[in-house]
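Open the model in your viewer and keep the sequence panel beside it. The stops below go in order, each with something to select.

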Amino acid sequence: MPHSGTHIPPQVARRMTAEAQRVPDTDWHLDTLYGFAREFGVSVLRATHSRYVIDVNRPPDAPDRRQGERVTGVCPVDTFDVTPIYLSGQAPSDDEVAARRDAIWHPYHSRLAVEIERLHAIHGVVILWMHTP
């Protein structure tokens, strides 16, 4: 569940707009929707951080939105309705984006890879379910 996380570190939140701090592009109810999954032995990996901090469902080098696209980058600077996430002049620098990838994106994907390997060793096959709205 790459978009169910809501954590925004305070040093990031204070640079965000009030609207962005409400994290409107969060998948709020996926935990409930897929609440049955663990009963059937399904593994669930849930992001802790908001997709506004770093979107673990994007390639690590994904640039931010290009003209006319509806897809955001790994560290988005605006919401899906193109509302700014950050206050003027407060968007993350390239160094900050790299630090977020190292601290959040890579550990999430490392954990995902370990779980895929574990399940593959048990079952011989793995299905990665990607919920897309």
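Three accessibility classes are used on this tour: buried means under 20% relative accessible area, exposed means over 50%, and partly exposed lies in between (1.4 Å probe, protein chains only). The model is predicted, so to speak of local features a pLDDT of at least 70 is needed, side-chain atom pairs count only at pLDDT 80 or more, and totals for chains, interfaces and linings use all residues. Residues are numbered from 1 along each chain as its sequence is written, and side-chain values use heavy atoms, with hydrogens and water left out.

**Whole chain**

Start with the cartoon view. The protein has four helices and zero strands, in the order α-α-α-α along the sequence. Helices (H or I, at least four residues) and strands (E, at least two) are DSSP runs, numbered from the N terminus. The C-alpha trace spans about 50 × 30 × 30 Å along its principal axes. Of the 133 residues, 37% are buried.

**Phe36 and the surface patch**

Select Phe36, in the loop between α3 (30-33) and α4 (94-123). Is Phe36 buried, partly exposed or exposed? With a relative accessible area of 41%, Phe36 is partly exposed because that value falls between the two cut-offs. Now add Phe40 and Val42: together with Phe36 they make a nonpolar surface patch of about 330 Å². Patches are made of residues with over 30% relative accessible area and no salt bridge (a side-chain nitrogen of Lys or Arg within 4 Å of a carboxyl oxygen of Asp or Glu). Like charges are joined within 9 Å, and nonpolar side chains (Val, Leu, Ile, Met, Phe, Trp, Tyr) within 5 Å. Accessible areas come from the Shrake-Rupley method with a 1.4 Å probe; for residues, only the protein chains shown count as cover.

**The largest pocket**

Keep Val42 selected and add Ser43, Ile127, Leu128 and Trp129. The largest pocket holds about 790 Å³ of space. Of its 31 lining residues, these five, Val42, Ser43, Ile127, Leu128 and Trp129, are the closest to its centre. Helix α4 gives the largest share of the lining, seven residues. By type, the lining divides into 21 nonpolar, eight polar and two charged residues. Ala, Val, Leu, Ile, Met, Phe, Trp, Tyr, Cys and Pro count as nonpolar, Asp, Glu, Lys and Arg as charged, and the others, Gly among them, as polar.

On a 1 Å grid over the protein atoms alone, a pocket is an open set of points with protein on both sides within 12 Å along at least five of seven lines, whereas a cavity is a set where a 1.4 Å probe fits but cannot get out; lining residues have an atom within 4 Å of a point. Points are joined across faces, edges and corners, and a volume is the space filled by probe spheres set on them.

**The cavity**

Next, select Asp25, Arg51, Tyr52, Asp55, Thr72, Pro76, Asp78, Thr79 and Phe80, which line the largest cavity. Its volume is about 40 Å³, and a search of the whole structure finds one cavity of 30 Å³ or more. The lining divides into three nonpolar, two polar and four charged residues.

**Two valines with positive phi**

Select Val23, in the loop between α2 (18-21) and α3. Phi of Val23 is near 45°, a positive value in a residue other than glycine. Val23 is buried, at 4% relative accessibility. Then move to Val82, in the loop between α3 and α4. Its phi is near 65°, again positive in a non-glycine residue, and Val82 is partly exposed at 48%.

**Last stop: His123**

Select His123 in helix α4. His123 is exposed, at 54% relative accessibility. Draw a C-alpha to C-alpha distance to Val44: the two residues are 79 apart in sequence and 16 Å apart in space.
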